Amino acid sequence: MDYHPRTMPDRNRTALDWDDVRYAVALARHGSLSATARALGVNHATVSRRLDGLERALGRPIFDRRPDGYRPNAAGAAVLAEAEAMEAGAMALLRRLDHAEDGPVGPVRLTTARSLALGFLIDRLDGLRRRHPGIALELVLETRITSLARREAEIALRLGRPADSTLVGKRVASITYRAYAAPAVAASAAAGGTPPLIGDEDGGSEAAWLARHHPGRPIAFRCDSQMAQAAAARAGWGIALLPRFLGDPDPGLAPVALDALPPPREIWLLIRPDLAEVPRVRAVADALAGLFREHRALFGQGQDP
């Protein structure tokens, strides 16, 4: 049998990989390799490799490479429309499975700031484990904003009022700050000395705040981790401005009087609306809200009752 050249199977094509499709959908949303990589928590080479794999499987390019980023071409628009329908169908199936649960059993992914997770949550979540042993908690320490809408997590604890009004949200606490130092450094400050400060990396918002409110005060140690700043304060490097949930319980730190402290930051507990009544998700959310109520003294002013 003769084959028309346009109908002959392309032996160079490879099998279609759904993960490649998922990356292409994300690239269409974000418009560049770097923005897509940040959103997905990978490097830009991974995004490029996934796109190459999809285009090989389809036998044609689906994006135009432009100086200002990547834009789907006509073939790409058709492919991505089908891919988004597949994604919506997968999400619907997962929602149906979520609501078929008989009780709080299964995985729950929680995303939050590293300092809040390591300095407060992990040591206090044993009650959740005892009450609901069937829940498997997965903690994502944020180096990027994890998307609830794309099911990258079920629950988020975020600093600051959320911009996404489609999420179910509740303010559960406000982080308040104090100045802390090792006892000997704190005693020196109380006697009229001016020990140096411990601060964030140069160029960050916290470093800029210190420069505005404590001009001329030397910075002896810089790090973008509040846990590391607390350790530096314990070691005698100087005075650190820390959340009270980190500094108050630390026996190696003593409070120091300082004129200007960072403003409070709200903590919001966020859930996707379709998951708000799923038993395993609701159990974790209720446990988290209860922790903040129980430990109000570590967060100071501004939390909800």
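This is a short walk through the structure above, from its nonpolar cores to its surface and its salt bridges. Keep in mind along the way that the model is predicted.

Let us start on the inside. In soluble globular proteins, nonpolar side chains tend to be buried together. The largest nonpolar core here holds 32 residues, and I155, L157, F292 and F299 are the ones with the most contacts inside it. Several elements give two or more residues to this core: the strands β3 (106–112), β5 (155–159), β6 (168–175) and β12 (265–271), together with the helices α5 (114–121), α10 (244–247) and α11 (279–294). The largest share comes from α11, which supplies 9 residues.

To get a feel for this core, look at L157. Leaving aside residues up to four places away in sequence, L157 touches L110, T111, T112, A113, L116 and L121, and also V172, I267, W268, L269, L288 and F292. There is also a second, separate core, made of 18 residues, and L27, L33, L51 and L58 are among them.

L33 leads us to helix α2, because this helix covers residues 33–40. Is α2 largely enclosed or open? Of its 8 residues, 6 are buried, so the rest of the structure largely encloses this helix. The buried ones are L33, A35, T36, A37, A39 and L40, and they pack against α1 (18–30), α3 (44–58) and β2 (69–72). Just after the helix comes G41, which takes a positive phi of about 75 degrees.

Now let us step out to the surface. Here L118, I122 and M227 form a nonpolar patch, with about 230 Å² of accessible area together. M227 is found in helix α9, which runs over residues 226–234. The relative accessibility of M227 is 31%, so this residue counts as partly exposed, given that buried means under 20% and exposed means over 50%.

Finally, we come to the charged side chains. A search of the whole structure finds 13 salt bridges. One of them joins E138 and R109, whose side chains meet with an N to O distance of 2.7 Å. Which parts does this pair tie together? E138 lies in strand β4 (residues 135–141) and R109 in strand β3, so the bridge links parts that are 29 residues apart in sequence. Both partners can be placed on the accessibility scale: E138 is partly exposed at 37%, and R109 is partly exposed at 30%.

Another salt bridge pairs D248 with R244, with the closest N and O atoms 3.1 Å apart. Here D248 is partly exposed, at 29% relative accessibility, whereas R244 is buried, at 17%.

Helix α11, which gave the largest share of the main core, also carries a salt bridge, this one between D286 and R282. Their closest N and O atoms are 3.1 Å apart. Because the two residues are 4 apart in the helix, about one helical turn separates them. D286 is partly exposed, at 43% relative accessibility, and R282 counts as partly exposed at 25%.

One last stop is a set of three residues: D52, E55 and R65 are linked in a network of salt bridges.

Key
Residues are numbered from 1 along each chain as its sequence is written. This is a predicted model: local features need pLDDT of at least 70, side-chain atom pairs count only at pLDDT 80 or more; totals for chains, interfaces and linings use all residues. Side-chain values use heavy atoms; hydrogens and water are left out. A nonpolar core is a set of buried Ala, Val, Leu, Ile, Met, Phe, Trp, Tyr and Cys residues joined through side-chain atoms within 4.5 Å. Buried means under 20% relative accessible area, exposed over 50%, partly exposed in between (1.4 Å probe, protein chains only). Contact means heavy atoms within 4.5 Å. Patches are made of residues with over 30% relative accessible area and no salt bridge: like charges are joined within 9 Å, nonpolar side chains (Val, Leu, Ile, Met, Phe, Trp, Tyr) within 5 Å. Accessible areas come from the Shrake-Rupley method with a 1.4 Å probe; for residues, only the protein chains shown count as cover. A salt bridge is a side-chain nitrogen of Lys or Arg within 4 Å of a carboxyl oxygen of Asp or Glu.
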